[in-house]
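Work through these exercises with the model open. Each task is followed by a stepwise solution.

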Amino acid sequence: MVFYDAVIIGAGFSGIYQLHSLRDKLKLNTLVIESGKDLGGTWYWNRYPGARCDSESHTYNFTFSKEIFENWSWPERYSKQDVILEYLNYVVEKLSLKKDMLFDNKVIKAHFDEKSKLWNIKTDKDKTFSCKYLISAVGCLSAANIPKINGLNKFKGNWYHTGKWPHTGVDFKNKRVAQIGVGSTGIQLAPEIAKSAKKLSIFQRSPNFSIPARNEIVNDKYKKKIKDNYQEIRDLIKSTPTGHAFQFSSQSALDVSNEDRKKIYENGWQKGGLGFRGLFKDITTNLDANKTVVNFIKEKVEATMQNKDYAKVVTDFNYPFATRRPTLNTDYYETFNKDNVELIDISKDLIKEITKTGISTLNNNYEFDIIVFATGYDAITGALLSIDMVGKNNIKLSELWKNGPLTYLGLQVPGFPNFFTITGPGSPSVLTNVPMAIEQHVEFITDCISHMEKNNLKTIETNDASSLKWRAIIDKAVNETLIPESKSSWLYGGNIEGKAQVFMPYPSGLPKYKKFCEDIVLKNYEGFNFTDN
Ligand code: NA7
């Protein structure tokens, strides 16, 4: 068994910055263990055609180093998967991090030893390690959700999940393709499959709101402006609730005339991007305000789609706008105007089973060569719970979280000393431009470990009271919004059969969260307990 001061699970954005911080700032002997054959996390796995980030490129990167920021240029408004992967490799190379990463090893077990106060870790390749600090950087959207549909094992064609896309790519040319799922991923993917498939059949269970991305190649002048404004950009994206470079309007959607409101929505629609949801302050808190945007989007989509039956299905919204993560698209609605694309409403005609040759619904039998699952993830807790994690007094994480995750600040779990979670449940994570949440968490964890090392402290652990208090703060805050109108979303665990329905991320924005953390540190890490032997 090899000893490290710290072990980090995962080599995506979180693992990369955490390794740099612990190894280069605190001089701790640190190892990253990664299940993929290389670094990148989400951007290593999600190689499906059309995979692109919804955050604008210059905001979806690290900001901790001016030099790293300024020496990189993003070619498009939103970055493609392969470019983000190239960027992460650039950062890792610049900081010489790869030598401290172990790939192709999935952590399958992590048990806390109460005598030694160390974590004992085992991987699927039978490698064992022990460490003082264990940090989860497993990501919120990494445990693929492959729906349990009867008969998948009988299917004679090929099937894929978007989050585990083959590195060799998939050839759709002249193929009959089924795509199940129309979340962010499915909406990016469908226009790409439709370009070459003989036929694309899109299976929709719930409609999704989607705003035009308006992606574009950026020119040198724009690139220079980004580089010249490092500090301003950093300050801005660290100060907005979502970690994006847009502010929410201070105006109510109900305080303007119908005409003015339409103009504002139209401008937002033409501009494209996630900023659309910030056009009025009460879109996510007032149902009447929300209805104005729903009606606008319906009109836009109906005007785009030639098949009016399809238009009805994709706009049959059964939850308010932005109560799930809004998606961005490039020609998604236009794709339904192609002759080789059909829409199947499986909320009415339920999938019965997968057969040798395709998919049977209650009313129809369809034949396919390829089935693509764009069915999302066991989000936020799935990856962590796939590890056999045991804390003090033999508490299993799966047992402790049976009725929903319990953490303090999304950073620590009661009964799991010296174990930290980056973007764990209870963090602002997926409700923000995620790298901004990651930078905050990594810096908090690094400062905390530095404090422990300086003061010869052995363990840090949160307690039940603090985590219950944190849960109550989250519940109260989310209940003041319209988000509970969509409990079937993955934010509530509603997409996974049998998963406890609990709202998982912290919903009140990054600056408020950061202030919480700072106050806690000033009060000598209130809510955490340290031991020194
Ligand atoms: P999402 O957003 O979870 O979307 C998954 C889609 O798959 C959604 O349309 C689901 O319908 C559908 N789905 C899931 N399970 C089934 C079953 N069993 N049958 C039919 N349809 C199903 O995942 P994405 O990968 O698109 O995006 C995840 C995040 O990645 C995204 O928010 C960004 O943060 C990046 P449902 O709506 O549940 O009825």
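**Exercise 1. Classify Tyr377 as buried or exposed, then place it and list its contacts.**

Step 1. Tyr377 has a relative accessible area of 8%. Tyr377 is therefore buried (buried is under 20%, exposed over 50%, partly exposed in between, with a 1.4 Å probe and protein chains only).

Two notes on the source. This is a predicted model, in which local features need pLDDT of at least 70, side-chain atom pairs count only at pLDDT 80 or more, and totals for chains, interfaces and linings use all residues. Residues are numbered from 1 along each chain as its sequence is written, and side-chain values use heavy atoms, with hydrogens and water left out.

Step 2. Tyr377 sits in the loop between strand S16 (370-373) and helix H12 (382-385). Helices (H or I, at least four residues) and strands (E, at least two) are DSSP runs, numbered from the N terminus.

Step 3. Leave aside neighbours within four places in sequence. Tyr377 then contacts Asn46, Leu141, Ser142, Ala143, Ala144, Asn145, His161, Gly163, Asn495 and Ile496 (contact means heavy atoms within 4.5 Å).

**Exercise 2. Which side chain makes a polar contact with the side chain of Thr361?**

Step 1. Find Thr361 in strand S14 (residues 358-361). Its relative accessible area is 1%, so Thr361 is buried.

Step 2. The partner is Asp349, at 2.8 Å. A polar contact is a pair of N or O atoms within 3.5 Å; within protein, one must be able to donate a hydrogen and the other to accept it, and residues adjacent in sequence count only if both atoms are side-chain atoms.

Step 3. Not counting residues up to four places away in sequence, Thr361 touches residues including Phe203, Ile346 and Tyr366.

**Exercise 3. Where is Asn208, and what lies 3.1 Å from a polar atom of its side chain?**

Step 1. Asn208 is in the loop between strand S9 (199-204) and strand S10 (210-212).

Step 2. Asn208 is buried, at 12% relative accessible area.

Step 3. The atom at 3.1 Å is the backbone oxygen of Val182. Beyond four places in sequence, Asn208 also touches Gly183, Ser184 and Tyr333, among others.

**Exercise 4. How do helix H8 and helix H9 cross?**

Step 1. The axes of H8 (residues 258-271) and H9 (residues 287-304) come within 11 Å and cross at roughly 55°. Axes are lines fitted to C-alpha atoms, for helices over the stretch in contact, and angles run from 0 to 180 degrees between N-to-C directions.

Step 2. H8 and H9 are therefore oblique to each other (under 35 degrees is roughly parallel, over 145 roughly antiparallel, 65 to 115 roughly perpendicular, the rest oblique).
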